[in-house]
Amino acid sequence: MWPVMWDERKRSVILNLNVLPVGICTIRKDYTISLWNRTLEIWTGISQDDAMDKPLEVVVPQFANPLEKARLKVVLQGGGPVILSSRFHPRIFPLKDENQNEGKYQRTSISLFELPDSEVRVMIAVEDVTAITEQVLKYRQIKDQIAYELEEKKKTERALSMALSKLNTLSSITRHDLNNILTAFEGYLTFSIQENPGGKVQQYLEKMKEAADVMKRHISFAKDYQEMGNALPTWFAVETLVRSSGLGPVFQQITIKSDVENLEILADPLIVKAIYNLLENAVRHGEHTSTISISYKKADDGIVLLIEDDGKGIPTNIKGRIFNKGFGSNTGLGLFLTREILGITGMQIIETGVEGKGARFEIRVPEGHFRFRE
C-alpha cells in the first residue's frame with residue numbers, strides 16, 4: 001500500500017513541475033537527466049524524450065565546464081544551493097533559435113530536491129529575467145548618466161566660480177582706482193570753483209562737479225549690483241529694516257508709521273539698500289511728503305508689503321517706466337536696483353499710487369519667504 005501512495009505523490013510532484021512556467025531540470029547523482037519539463041522543451045526546442053536519461057552536459061553543453069560540474073558536486077554533497085547571476089551567466093540553457101539568444105537573460109538556481117520515495121535529485125530551475133535585467137541596466141545607464149552630468153556640472157560651477165572671482169577682483173580694483181582718480185578730480189574742481197572765475201567758466205565747472213557726483217553714484221551702484229546674490233539670503237525683521245533705513249538728515253521732517261507687527265522676510269542682505277531707496281525716493285520725488293506708512297496685507301500666494309506716502313505721487317504716464325534702468329531725474333538706478341534686489345528671493349514690486357495723492361509701492365512676498373516671529 002505504501003509504495004502505491006508514494007508513487008502517486010511522486011507522479012503528482014513530477015506533473016506539477018512539468019507545467020510550471022519556470023524551466024525545471026532534475027538530475028540524478030550520476031548527472032543524468034530525470035526530468036525535463038514542458039517549459040524547457042518550449043524554450044530550448046529539445047524534447048523531453050531527447051533529454052531524458054542523457055548526461056546533463058550532453059544536452060546542456062555549458063555544464064561540461066569544470067566549474068559548473070564542481071558547482072553541481074557541491075550541491076550534491078549538501079553544500080547548499082547555488083544561484084547563478086544573470087549578469088555573469090546570462091544564458092545557461094540556450095534557446096532553440098540562435099537569434100532569440102541575443103539580449104535574453106536567465107537566472108539559474110541549483111538546489112537539492114528530494115522526491116517522496118526519498119530519492120535525492122538536483123533541481124536546476126531557470127527563470128527568464130530579461131525584462132527585469134533590462135530595467136536594471138536602464139537604471140544603471142540613467143544613474144551613470146546622472147553621475148556624469150553632475151560631475152560636469154560641478155566642473156562648470158568650479159570654472160564659473162573661478163571666473164567670477166577673477167572678475168570681482170578686477171572690478172573691485174577698477175572701482176578703487178576710479179574712485180581715487182575721481183576724488184582727486186573733484187578736489188581740483190572744488191579748488192577751481194572757489195577761485196570764482198565767473199561767467200561761463202564758472203558754469204562749466206559747476207556742471208563738471210555735478211557730472212562727477214553722478215559718476216560717483218554710478219560707481220557705488222556698480223559695487224552694489226556686483227554684490228547682489230553673493231551672500232546667502234537671510235531673515236530680516238521689517239520693523240527694524242524700516243526704522244534703521246529712515247534715519248539721517250533726509251528724514252528729519254518725515255513721520256514714518258510702521259504697522260508690520262513681528263513680520264520677517266527672507267531677502268538678500270542688500271534689502272537694506274532697497275528699503276532705503278524706496279523711503280528716500282518718497283522724500284526726494286514726493287516734494288511735500290510728510291508721512292510714510294509701511295503695512296502689509298495677506299494675498300492668495302503670500303503677503304503684500306505696502307510702502308505709501310502722502311507726496312505728489314507718480315504721474316500716470318510714467319508709471320510703467322520707473323523701474324527701468326536709467327529712467328528718472330537722479331541717476332535712474334535706485335528703483336531699478338531695488339527691483340533687482342527684491343527679485344533675488346522671488347519678490348516682485350509694482351507702483352499703484354494715485355497721482356496727486358501719493359506713491360504706493362506693493363512688494364509681493366511669496367509663500368515660504370515670510371514669517372511672523374514668536
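1. Rings of Phe, Tyr and Trp, the last taken by its six-membered ring, are counted as a pair if their centres lie within 6.5 Å. In this predicted model, ring pairs defined in that way link Tyr 296, Phe 370 and Phe 372 into a cluster, and a search of the whole structure finds four aromatic pairs.

2. One of these pairs is formed by Phe 251 and Tyr 276, whose ring centres are 6.0 Å apart and whose planes stand at 85°, so that the pair is edge-to-face. Phe 251 belongs to the loop between α9 (238–245) and β7, whereas Tyr 276 belongs to helix α10 (residues 271–286), and the two residues, 25 apart, link distant parts of the chain. With a relative accessible area of 4%, Phe 251 is buried, while Tyr 276, at 30%, is partly exposed.

3. Within the cluster, Tyr 296 and Phe 372 form an aromatic pair that is tilted, with 5.5 Å from centre to centre and 50° between the planes. Because Tyr 296 lies in strand β9 and Phe 372 in strand β13 (residues 370–372), this pair ties together parts that are 76 residues apart in sequence. Phe 372 has a relative accessibility of 32% and therefore counts as partly exposed, since that class covers values between 20% and 50%.

4. A contact of another kind involves Arg 371, whose charged end sits over the ring of Trp 235, at 4.1 Å from the centre of that ring.

5. Strand β9 also takes part in an open sheet of five strands, which has the order β7-β9-β10-β12-β11 and mixed pairing. At the edges stand β7 (255–259) and β11 (348–351), each with a single partner strand, so one side of each is left without a neighbour in the sheet. Neighbouring strands of this sheet are turned against each other by 20° on average, direction ignored.

6. Inside this sheet, strand β9 (residues 291–299) and strand β10 (residues 302–309) run antiparallel and are joined by eight bridges. For Lys 298, the bridge partner in β10 is Ile 303.

7. As for the protein as a whole, there are 11 helices and 13 strands, and buried residues make up 35% of the 374 residues. Of the contacts between residues at least 6 apart in sequence, 61% join residues at least 24 apart. The accessible surface comes to about 22500 Å², and 56% of that surface belongs to carbon and sulfur atoms.

Definitions and conventions:
Residues are numbered from 1 along each chain as its sequence is written. This is a predicted model: local features need pLDDT of at least 70, side-chain atom pairs count only at pLDDT 80 or more; totals for chains, interfaces and linings use all residues. Side-chain values use heavy atoms; hydrogens and water are left out. Helices (H or I, at least four residues) and strands (E, at least two) are DSSP runs, numbered from the N terminus. Buried means under 20% relative accessible area, exposed over 50%, partly exposed in between (1.4 Å probe, protein chains only). Contact means heavy atoms within 4.5 Å. Accessible areas come from the Shrake-Rupley method with a 1.4 Å probe; for residues, only the protein chains shown count as cover. Two strands pair if DSSP finds at least two bridges between them. Axes are lines fitted to C-alpha atoms, for helices over the stretch in contact, and angles run from 0 to 180 degrees between N-to-C directions. Rings of Phe, Tyr and Trp (its six-membered ring) pair if their centres lie within 6.5 Å; planes under 30 degrees apart count as stacked, over 60 as edge-to-face and the rest as tilted. A charge sits over a ring if NZ of Lys or CZ of Arg is within 6 Å of the ring centre and within 35 degrees of the ring normal.
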